[in-house]
Amino acid sequence: RPAVVTLDLNMPGLSGMEVLRFLRETESLAGVKVLVVSSMPEEEIAAALAAGADAALRSPYAPHDLVREVCALAGVPAPESASAGAGMALADAEEIA
């Protein structure tokens, strides 16, 4: 089971809100943290948060912002480059893998 899932609300076929509902209604997946990453209007992002998403990151976003949010949700320290706002190095990616 993953600790964190990144979820775009605007996907072809199944909508991100449908995926979010599935995650929250499936007992074995209900505890997975969901980070919404989307360029959808604020109302849509707010609806996702109200439906159970744990956090949201508005697109476009910097890679270090994504790393910082995922680490926070996973409960692990972010690499220093993510905390400092610098671009994430490969070594940093290996630290959180």
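**Fold and buried cores of the predicted model**

Of the 97 residues of the chain, 30% count as buried. The structure is a predicted model. Its accessible surface comes to about 5,700 Å², and carbon and sulfur atoms account for 56% of that area. The chain holds five helices and three strands, arranged from the N terminus on as β-α-β-α-β-α-α-α. Among contacts between residues at least 6 apart in sequence, 43% join residues at least 24 apart.

The three strands form an open sheet in the order 1-2-3, with parallel pairing. Strand 1 (4–7) and strand 3 (55–58) are the edge strands, each pairing on one side only. On average, neighbouring strands of this sheet are turned by 20° against each other, direction ignored. Strands of a sheet pair through backbone hydrogen bonds, in either a parallel or an antiparallel manner. Here, strand 1 and strand 2 (residues 33–38) run parallel and are joined by four bridges. V5 has V34 of strand 2 as its bridge partner, and L7 is partnered in strand 2 by V36.

Strand 2 is mostly covered, five of its six residues being buried. One residue of strand 2 is S38. The side chain of a serine is polar, yet S38 has a relative accessible area of 1% and is therefore buried. Leaving aside neighbours within four places in sequence, S38 is in contact with D8, L9, I45, L57, R58 and S59.

Two helices lie across the strands of the sheet. Helix 2 (residues 42–50) lies across strand 2 and strand 3 and runs at about 160° to strand 3. Helix 3 (residues 63–74) lies across strand 1, strand 2 and strand 3, and its direction makes an angle of about 160° with strand 2.

In helix 1, the buried residues are G16, M17, V19, L20 and L23. These residues lie on the same side of helix 1, because they cover an arc of only 160° around the axis. The cover over the buried residues of helix 1 includes strand 1, strand 2 and helix 2.

In soluble globular proteins, nonpolar side chains tend to be buried together. The largest nonpolar core of the model has twelve residues, namely L7, L9, M17, V19, L20, L23, V34, V36, M40, I45, A48 and A53. Helix 1 (16–25), strand 2 and helix 2 are the elements that give two or more residues to this core. Helix 1 provides the largest share, four residues. Apart from this core lies another, of six residues, among them V4, A55, L57 and L73.

The contacts of L20 involve several residues of the twelve-residue core. With neighbours within four places in sequence left aside, L20 is in contact with L7, V34, A48, A51, G52 and A53. Of these contacts, L7, V34, A48 and A53 are also listed in the largest nonpolar core. V34 is in addition the bridge partner of V5.

Terms used. Residues are numbered from 1 along each chain as its sequence is written. This is a predicted model: local features need pLDDT of at least 70, side-chain atom pairs count only at pLDDT 80 or more; totals for chains, interfaces and linings use all residues. Side-chain values use heavy atoms; hydrogens and water are left out. Two strands pair if DSSP finds at least two bridges between them. Axes are lines fitted to C-alpha atoms, for helices over the stretch in contact, and angles run from 0 to 180 degrees between N-to-C directions. Contact means heavy atoms within 4.5 Å. A nonpolar core is a set of buried Ala, Val, Leu, Ile, Met, Phe, Trp, Tyr and Cys residues joined through side-chain atoms within 4.5 Å. Buried means under 20% relative accessible area, exposed over 50%, partly exposed in between (1.4 Å probe, protein chains only). Accessible areas come from the Shrake-Rupley method with a 1.4 Å probe; for residues, only the protein chains shown count as cover. The arc is that of the directions from the helix axis to the C-beta atoms.
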